[in-house]
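Q: Please take a close look at one helix in this model and at what surrounds it. I should then like to see how some other local features are arranged, described in connected prose.

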Amino acid sequence: MQTEVFEGKLTTRKHMRHVGLALTSPGMLWLLVFLLLPTLFLVVMAFAQRGSYGTIDWTFSLDNIKKLLGFSSFGWSADNLVIIWRSLKIAVITTVLCLLIGLPMAFWIGAHKKRTSTLLLALVMVPSCTNLVIRTYAWMLLLGAQMPPSWLARTLGIIGEMESLYPGTFAVYIGMVSCMLPFAVLPLYTSVERLDWGIVEAARDLYAKPLRTFYHGILSQMMPGIVASVVLTLVPTLGMYVISDLLGGAKFILIGNLIQQQFFGTALDWPFGAMLGIVLIVSSVLSLVVFKKTGGKSFV
Amino acid sequence: MKKILLAFFLLTALALTACNEEKKEQAPKTVTVMIYSEYIDPAMLDDFEKKTGFKLQLELYEAQEEMIGKLQAAGTSQYDVIIASDVVIQQMVHLGLIANIDMEKVPNRKNIAPQFLNQAYDPTNSFTLPYLWGTTGILFRGEKVDPDSVSYSMLFDSKKTKGNFSFLDESRSMLSMALMAKGFNANSTDQKEINKAVDYILQAKKDKHFLGFDGSVGGKDKVLSNMDWAAIVFNGEAQAAIDEDSTLQFVIPMEGSFMWVDAMTLSSKSPNPEGAYAFMNYILDANIGAQLAKYINYATPNNASLEVIDEEFKNNRVINPTPQEIERMVFLNDPGNAAKLFDEAWTIVKTR
């Protein structure tokens, strides 16, 4: 048996593996019980059928995939695919907006003294302590027809005479971005804090133009933070539906609504809901994989 | 992690013992009623205990789906009486959540108005006793019109809309209204007819005045705050709005609408059926029924209560529709397997 020295103690690889397993087992057990098993159950359920009165009929088929692709009692239609596409679009736009607002914010916070920046960071986080629905209702009131923002937009001719900012696309994005911004700013701030300004100085010494300095000197260092903030915004926004419902007037549904409708609406089609859930999980995991692939490497 | 696990186990253990204790306390002296929040006069809790000796305990819910989910997940043995809407009764029977009521034990059953008997939601009158009932119509602002002359086209025809309006964000209800607006049976499960109803809603959706889909309370709030000119709401909300702003009007469109009833049902594993019957009988008492209707502002299904209730309340057609209005209203049937059709139709309505 091969022995090794680890932290000044003589031990074997096998022993270390056992200790490691023992230490990680609670976490693994947790993941197994609360993540892996439910997900497996979801996969199995996705291929079952809806029985009468919302019960589950355990005969397996590919019907739910057909349904997902748009084959319904009304003939083929692209509706489900349109819903998925719309959810993706809103999630991507929200993420880009969060990044565009979050980056300058992170730099601004990072530029302060330690004590002030901690305070500013706390201020960014404070809104998250309030319930999401309550915050959304606040936006509903603020963007209503009689409030200053709508009045200003009307005066400037951005919206029509009888219209208001809520409900509508603008209100949805305001709600989404304000909800997700803290999650985008936190990882960005961490990477701003860790920036090696020596590299920036070196770039300047070598007569790099500002844009080039930013790109190679700062952005490439911040990639892990940017990837983290993209993932933290994109994945939750994919499944978000409360905000779009409340601020968008529930005119158009997203994949989150569609899932909700399967479990609690008139449909009571749990298997199809499970199939939609898998679509959501797969697209989240895909985006994680893509960002992991690109995030490790820097731009340079 | 271990600490968290430990804390988690401790919490679970605590919750379990709490449950046990609750059960011990709950011995036969308590009647547990599962009911919508703010759906009973709080004064009745003491009054019920005084009159029957049973302690009344309320378990609140906000939505039918939530209630059914809770019952399916946690079982029915913690509840005695469940207040449920007509549309979910057949489903609850099918899922084994409610049991036959021994009608002999509810003598006040004789007070029930005949329109709540032999309906599709309970054809044999063995699972339900009505609690309160209501209607669905259009709440709007502007010049007062003859309530019997209003057509759905005031919302569906873009030439006739006079301002922003919202539809009801509930698939079955909204589709059935569109079916009626098109002249079909509200309970139609014919695919072609549903298709026409879907197209009709989609066409209204293109109107620049269409503000979106909203719940009954949301629609009422939008009309009250002048954001909407019209919205589809339940009559209780309409009355609350009219109390605040008398320029508003509520109508049952001439093509018809649907009414609904919230019924008392007996939990299939009720720990205290005697208490459950006592509660049902208590609610169906003439004076209590009148007190309940006045407090909640919904119509009473109790004929005897109508005799003791004041004239003003009785003659308020928003709450108590006229016979002509009742004539053109129906109860929504349980869609059975057509639920799938309604859901697919609704997905189309909400996507395009």
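A: The account below begins with the chosen helix and moves outward from it.

The model is a predicted one. The part chosen is helix H4 of chain B, which spans residues 86-94. This helix is mostly covered, since seven of its nine residues count as buried. A residue is called buried here if 20 or more other C-beta atoms lie within 10 Å of its own. In H4(B) the residues that meet this criterion are B:Asp86, B:Val87, B:Val88, B:Ile89, B:Gln91, B:Met92 and B:Val93. The cover over these residues comes from several elements of chain B, including helix H3 (64-74), helix H6 (171-181), strand E3 (81-85), strand E4 (98-99), strand E10 (257-267) and strand E11 (329-331). Helices and strands thus both appear among the elements that cover H4(B). After the helix comes B:Gly96, with a positive phi near 70°.

One of the covering elements, strand E3(B), merits separate description. Four of the five residues of E3(B) are buried, and the strand is therefore largely enclosed by the rest of the structure. Strand E1 of chain B, residues 30-36, pairs with E3(B) in the parallel sense over two bridges. Within E3(B), B:Val81 is the residue that stands opposite B:Val33. E3(B) is also joined to E10(B), by five bridges, and these two strands run antiparallel. The bridge partner of B:Ala84 is B:Ala263 in E10(B). E10(B) thus takes part in two relations described here: it pairs with E3(B), and it is among the elements that cover the buried residues of H4(B).

Elsewhere in chain B, two helices pack against each other. Two packed helices are described by the angle between their axes and the distance between the axes. For helix H8 (residues 216-224) and helix H9 (residues 235-244) of chain B, the angle is about 20° and the axes are 9 Å apart. That angle makes H8(B) roughly parallel to H9(B), and their crossing is right-handed. On the H8(B) side the contact involves B:Ser216, B:Val217, B:Lys220, B:Val223 and B:Leu224; these meet B:Glu237, B:Ala238, B:Ala240, B:Ala241 and B:Glu244 in H9(B). Sorted by class, this contact contains six nonpolar, one polar and three charged residues.

The loop from H8 to strand E8 (230-234) of chain B contains B:Asn226. The phi of B:Asn226 is near 70°, a positive value in a residue other than glycine. Most residues other than glycine have a negative phi, and most peptide bonds are trans. B:Asn226 has 14 other C-beta atoms within 10 Å and is therefore partly exposed. Another loop position in chain B is B:Ser149, between strand E5 (129-140) and helix H5 (153-156). B:Ser149 is exposed, with 9 other C-beta atoms within 10 Å. From B:Ser149 to B:Leu306 the separation is 157 residues in sequence and 27 Å in space, C-alpha to C-alpha.

Chain A offers a second helix pair for description. Helix H8 (residues 197-205) and helix H9 (residues 210-239) of chain A pack at an angle of about 165°, and their axes are 9 Å apart. H8(A) and H9(A) are therefore roughly antiparallel to each other, and H8(A) passes H9(A) in a right-handed crossing. From H8(A), the residues in contact are A:Ile199, A:Val200, A:Ala203 and A:Arg204; from H9(A), they are A:Thr213, A:His216, A:Gly217, A:Ile218 and A:Gln221. These contact residues comprise four nonpolar, four polar and one charged.

Two backbone features of chain A also deserve mention. The peptide bond from A:Tyr166 to A:Pro167 is cis, with omega near -5°. A:Pro167 belongs to the loop between helix H6 (148-155) and helix H7 (169-193) of chain A. In the loop between helix H10 (242-247) and H11 of chain A lies A:Ala250, a residue other than glycine whose phi is positive, near 55°. With 22 other C-beta atoms within 10 Å, A:Ala250 is buried.

Finally, the two chains touch each other. The contact takes 30 residues from chain A and 30 residues from chain B. On the chain A side, helix H1 (13-46), helix H3 (79-110) and helix H11 (255-264) each supply at least two residues. That side consists of 14 nonpolar, 12 polar and four charged residues.

Technical notes: Residues are numbered from 1 along each chain as its sequence is written. Chains are lettered from A and ligands numbered from 1 in the order in which they are written. This is a predicted model: local features need pLDDT of at least 70, side-chain atom pairs count only at pLDDT 80 or more; totals for chains, interfaces and linings use all residues. Axes are lines fitted to C-alpha atoms, for helices over the stretch in contact, and angles run from 0 to 180 degrees between N-to-C directions. Angles under 35 degrees count as roughly parallel, over 145 as roughly antiparallel, 65 to 115 as roughly perpendicular and the rest as oblique. A crossing is left-handed if the near helix is turned anticlockwise from the far one by less than a right angle, and right-handed if clockwise. Two residues are in contact if their C-beta atoms, placed from the backbone, lie within 7 Å. Ala, Val, Leu, Ile, Met, Phe, Trp, Tyr, Cys and Pro count as nonpolar, Asp, Glu, Lys and Arg as charged, and the others, Gly among them, as polar. A residue is buried if 20 or more other C-beta atoms lie within 10 Å of its own, exposed if 12 or fewer, and partly exposed in between; C-beta atoms are placed from the backbone. Two strands pair if DSSP finds at least two bridges between them.
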